Every structure is written in C-alpha cells, then in structure tokens.
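Biologist: Can you walk me through some charged side-chain pairs? Keep it simple, please.

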Amino acid sequence: MSTDTIRGVPRGTAEAPLSILELATVGEGVTPGEALRDATELARRGERWGYHRLWVAEHHGMPGVASSSPAVLIAHLAAATSTIRVGSGGVMLPNHAPLVIAEQFGTLHALHPGRIDLGLGRAPGTDMATAGALRRQAEVDPDDFPQQVAELTGFLDGSFPAGHPYASLQATPRGDDRPPIWLLGSSGFSARMAGLLGLPFAFAHHFSAANTEPALDLYRSSFRPSAVLDRPYALIGVAALAADTEEEALRQAMPGALSWLRMRLGRPGRMPTPEEAAAYPYTPIEEEFVRDRLSTVVYGEPERVRAGLEELRKRTGADELMITTMVHGGEARLRSYELVARAYGMLG
C-alpha cells in the first residue's frame, strides 16, 4: 500500500493538510434529508477548496446527527465528488462483525479506488442499550478490539494463516489492494496500538483536548515501521469555526456548546439555533461547562482561526488537522470552511 494514500499534501500556505470531519448535523427546524444534502454540498465545495479528506462519524441514538450509517453516507459522498478522499472517522468496530465491514469497504474501494479511508474506533458511539441492540448481545469486551482489527485486516488482505477458523473464507469484493486502516482514539489505548502496528493514528482533540499530547507522544514512542508506514503519521480532530466577525463566530459557536451540555445531561437533541442558545437559562455550573467547552474550540475571524490552528499544530506536532464545525444550518458551516480555506490561500 502506497503511503500516498495516507499522507496528504498541504495546499496554499498551509504547513499541513487540512481535512473535514462531518457529522451531518441536524438542527432545529431542519430535516435529516436537508442535513444530508448539506453534508453532500460540503463535500463538493470542500473538494474545490482544497481540503484533503472528508470523514463521517458513526453515532447512534442521537437526533442531532444523521451519520449513523457511515458506509452508506461514504458511498453517496464519494459519488458526488471526484478527488477528495472520503472515509470513516470512524466505524465503531465493536458494533459490527469484521467480515461485514470488510465487505462494505471492499465495495466502496471497488467503486472509488484510491479514495476511501477506513478509520476504526473501539467505543460504541452510543449508550449501552443501543449498543446492545446493535450487537445483539449484552456486553462486548473492549479488550477484544485488537482481535477484531486483526480479523478485519485478515479479511481485507486475505491473510489468515493456515489453520485459522476463517482461513477458507473470503470477503468479496476484494481487489489487489484495499483502503488504508486508521486507528482512532481519545486516550492512550488506540495510540499505543496504532504505533505498535505501524498504522496512521487519528486523535479526537475536539472532545479530549487534555489527552492529545500524551496520546501523540505515546503513539510516536510506540511506533514500529510497517509495510503501511515507515514513520508515524497522526492527524487530530479540531473543533473550529470561522465567521466574518468575532461576535458572529461566538454566536454561531454557542449552539454547539449547548448541544454538548445537553448530551452530558443525558438530553441529546437536535442542534439548537443561535437564538435558542442565547436565550437558554444557564445555571452557574452550566455556564462554567460552556466556557470550558468553548475553550477547546478555535473560533473567531479567519486570521484568528488560522493562528489558533497553527499554534495547535506546532504544539502537538500533528501531521494533519481535521476540522469539525458544529453549527446550526448548512450555510454557516459552508461559510466557515470557506473562510478557513481562504485564510490559508487554498482557493488558488
């Protein structure tokens, strides 16, 4: 597998590739169909604006997220574009039989060769009741994740050793190569595993900022060269939002903070509007939560966002930044990604 399928090329004046993490956010007053059409338009424009890849995340039981079926959405987004890499950020592997994922992504790779990424996570991406309904069993041991990844790799490569229970099985379709596997994480477990396997690693800085640098250090110190990579390659997910003014950026950022608050309170819902977020009666503890949440978001006018992203890239040594923008409505999201691309001179 060529490392060119993993490492991106910076565009414009960027020192590292910029990419997109899209959740197909469903806002108040917005239908899931409209949210998915917004995601499709973002993929098209993101391609034109010079973003390297666009990933979608698997979440279940969340009314404000329409990306519960990554493989289905990836097929649609890849068909709507022609050059941007499209993939999962990620498929929550414990929810699925490895053979099913091998077949899904083998199909995607056959349809769009050289453009598909397979990012894998070990968390359920949902509450335990929903996880049980997905898995058809009460519990799954997270320590089984390495075995699940090994099985998935065996199906994708046809590399089970003689005597393995699945040695006679074949995942179809399967071509001469396959999508690159990434490991995703928000702690040290997957960081170390990715390093030991010589795989690229994606860290969820956007919701686990305190663990970013320790996890990346662990990934790099654990890294062993492999047939996939000769040196570490790590991207980080970054919550960022650019607007024409600082005031508008804060106004657009507040719904995302309120959405996170409601999830923590066990009341997930659709993304609130800026007006709803401004009128919400925050308690002192909730105000502190919102301030803490906003402290992990790079937001403001375009040059301020660029400066914040560059400070983060230099501090962490990330090889790639994957931006996620939680706002209400597709137009604000599109505007933010366009302003970031312009700030980096990525539009030609």
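Modeller: Sure. Take arginine 315 and glutamate 311: their side chains meet in a salt bridge, 2.9 Å from N to O. Keep in mind that this is a predicted model.

Biologist: Where do arginine 315 and glutamate 311 sit along the helix?

Modeller: Both are in helix H11 (residues 302-316). They are four residues apart, so about one helical turn separates them.

Biologist: Are they buried or exposed?

Modeller: In between. Arginine 315 has 41% relative accessibility, so it counts as partly exposed. Glutamate 311 is at 42%, so it is partly exposed too.

Biologist: Which residues are joined into one network by salt bridges that share partners?

Modeller: Arg53, Arg85, Asp117 and Glu320.

Biologist: Let's pick a pair from there. How far apart are the closest N and O atoms of glutamate 320 and arginine 53?

Modeller: They are 2.8 Å apart, in a salt bridge. This pair links distant parts of the chain, 267 residues apart. Glutamate 320 is in strand E9 (residues 320-324), and arginine 53 is in strand E2 (residues 53-56).

Biologist: Buried or exposed, those two?

Modeller: Glutamate 320 and arginine 53 are both buried.

Biologist: New topic. What about glutamate 41 and arginine 45?

Modeller: Their side chains form a salt bridge, 2.7 Å from N to O. Both lie in helix H1 (residues 32-48), four residues apart, about one turn of the helix.

Biologist: Why does glutamate 41 count as partly exposed?

Modeller: Because its relative accessibility is 23%, and buried means under 20%. Arginine 45 is also at 23%, so it counts as partly exposed.

Biologist: And how many salt bridges does the count come to?

Modeller: The count comes to 20.

How values were computed
Residues are numbered from 1 along each chain as its sequence is written. This is a predicted model: local features need pLDDT of at least 70, side-chain atom pairs count only at pLDDT 80 or more; totals for chains, interfaces and linings use all residues. Side-chain values use heavy atoms; hydrogens and water are left out. A salt bridge is a side-chain nitrogen of Lys or Arg within 4 Å of a carboxyl oxygen of Asp or Glu. Helices (H or I, at least four residues) and strands (E, at least two) are DSSP runs, numbered from the N terminus. Buried means under 20% relative accessible area, exposed over 50%, partly exposed in between (1.4 Å probe, protein chains only).
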